[in-house]
Amino acid sequence: MLSNSIEARDIASQVHSYVDLAALEEAGPLVMTRGEGVYVIDNNGKRYLDGMAGLWSAALGFNEERLAAAAVRQFKRMPFYHNFFGRTPDVTVELAEKLQSITPESVKRVYFANSGSEANDLAIKLVWYYNNAIGRPEKKRIISRVGGYHGITVATASLTRIPVNQKGFDLPIDRVLFADCPHHYFFARSGESEEAFAGRLAEDLERMILEEGPETIAAFIAEPVMAAGGVIVPPATYFERIQAVLKKYDVLFLCDEVVCGFGRTGNPFGADTFGISPDMMSLAKALSASHAPISALMISEEIYQAIKRYSGQIGMFGHGSTYSGHPVSAAVALETLRIYEADRIPDHVRTIAPHFMMRLNAMASHSLVGEARGVGLLGAVELVADKAEKATFDPTLKVGPRANAIAQELGLILRARGDALTICPPLIISESEIDELFDKLWSALERLTSELH
Ligand SMILES: Cc1ncc(COP(=O)(O)O)c(C=O)c1O
């Protein structure tokens, strides 16, 4: 690294996310400068197929001109206004109505925020506010799941049951409980069907609620498909069984659609794919195709009416942040949703997903791949030391990160979660780009195989 290079300047100035900071100082960052469709290009001109759509998010790729134009138009017309004190930018109202027209029946009222974490953080606050509003001050605890990812604020990182997100940060806070991870491949008993596994998880959840006291359990939060936890597709009947338990004990369902929303699983929302009827639903990422920071929390009419009454008793709804419903982000999100419709992105996903799944499933024939799993345009391959025994690698070998690094050398960006490699390309990906993605992944695993020998 030359001392005046952008890499050296970065190391001297920025704190990065999700890295070993000392190791990064040695290795240096990867500096991205441009995007072209599903590709990103670094400052040395090297092209990468971004098989993760950035962070599960750049649904329309990396240079959508119509979104740039929408942002510029809004910047010129009204670059900022807020939603405090009964005011609002007009474009934010248009976006709210647009969301109302596409979200599930049970969640039609929207509050805008800036990130998935913030939307989920508000969900937690509203669970508490709502239960205070309806005279249930004891009913406050939230059940999340091992492997779930819901954000990085103090409260949402407490729901994020991934060790690095809690270790060292004095988390989780209290009021949080954890149900088991629904990963059939690793956690089902020998010979246990998906349905039997789902039934057992639902029984365990019911037992937990009864032991802890149903009068203390307010909500259950889940991603339809756990994303950062390694793309864990729920076993058949899982959400049906879980929802029956939640209903029985009057526990709200918070559906985290931050990754699954807007077509990722082959339907508008993960809730549609898995038959979930949420009480609250968080949206972010693909809401603006990641071209501008914005998120949304959709809530039920029943919750809205209760918090409306309660805000009157208190004097106001004491929540808000400067950029809630920011007009430029709202304009970009509105244009994103229009593009999804105009370009028939959901149809494209439905058409292309079988090819994606065919290539993904074919990865299971590789000697390192214990499981290939996915739905829609979301997938993962789990690397194992012994396929027959489902034996995992010694973690010190860092097999997943090594595979990920080799893929990057070959011009493919993925993400390692332990020894699983996750795949979540832009929704606009073509069949030939899917082929390129899996050809490169196969080559990366071949190279890793020879390194391991
Ligand atoms: C399912 C899920 N929820 C919430 C978040 C947090 O979103 P953000 O990074 O925008 O705060 C993420 C981020 O990856 C996510 O995957």
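**Salt bridges, one question at a time**

Biologist: Why is Asp-439 called partly exposed?
Modeller: This is a predicted model, and in it Asp-439 has a relative accessibility of 40%. Buried means under 20% and exposed means over 50%, so a value in between earns the label partly exposed.

Biologist: What makes Asp-439 and Arg-359 a salt bridge?
Modeller: Look at the gap between their side chains: 2.7 Å, N to O. The cut-off is within 4 Å, so the pair counts. This pair also links distant parts of the chain, with Asp-439 in helix H17 and Arg-359 in helix H15, 80 residues apart.

Biologist: And why does Arg-359 count as buried?
Modeller: Its relative accessibility is 18%. That label needs a value under 20%, so Arg-359 gets it.

Biologist: How do you know that Asp-204 and Arg-207 form a salt bridge?
Modeller: Same kind of check: their N to O distance is 3.0 Å, and the limit is within 4 Å, so they pass. They sit three residues apart in helix H10, which means about one helical turn separates them.

Biologist: What makes both of those residues partly exposed?
Modeller: Asp-204 has a relative accessible area of 24%, and Arg-207 comes in at 44%. Partly exposed lies between 20% and 50%, so both fit.

Biologist: What about Arg-373 and Glu-371, buried or exposed?
Modeller: Both are buried. Their closest N and O atoms are 2.7 Å apart, and the cut-off is within 4 Å, so this is a salt bridge too.

Biologist: How many salt bridges does the structure hold?
Modeller: It holds 22.

Note on methods
Residues numbered from 1 in each chain as written. Predicted model: local features only at pLDDT ≥ 70, side-chain atom pairs only at ≥ 80, totals over all residues. Heavy atoms only, no water. Helix = DSSP H or I, 4+ residues; strand = E, 2+ residues; numbered from the N terminus. Buried < 20%, exposed > 50% of the residue type's maximum accessible area, 1.4 Å probe, protein only.
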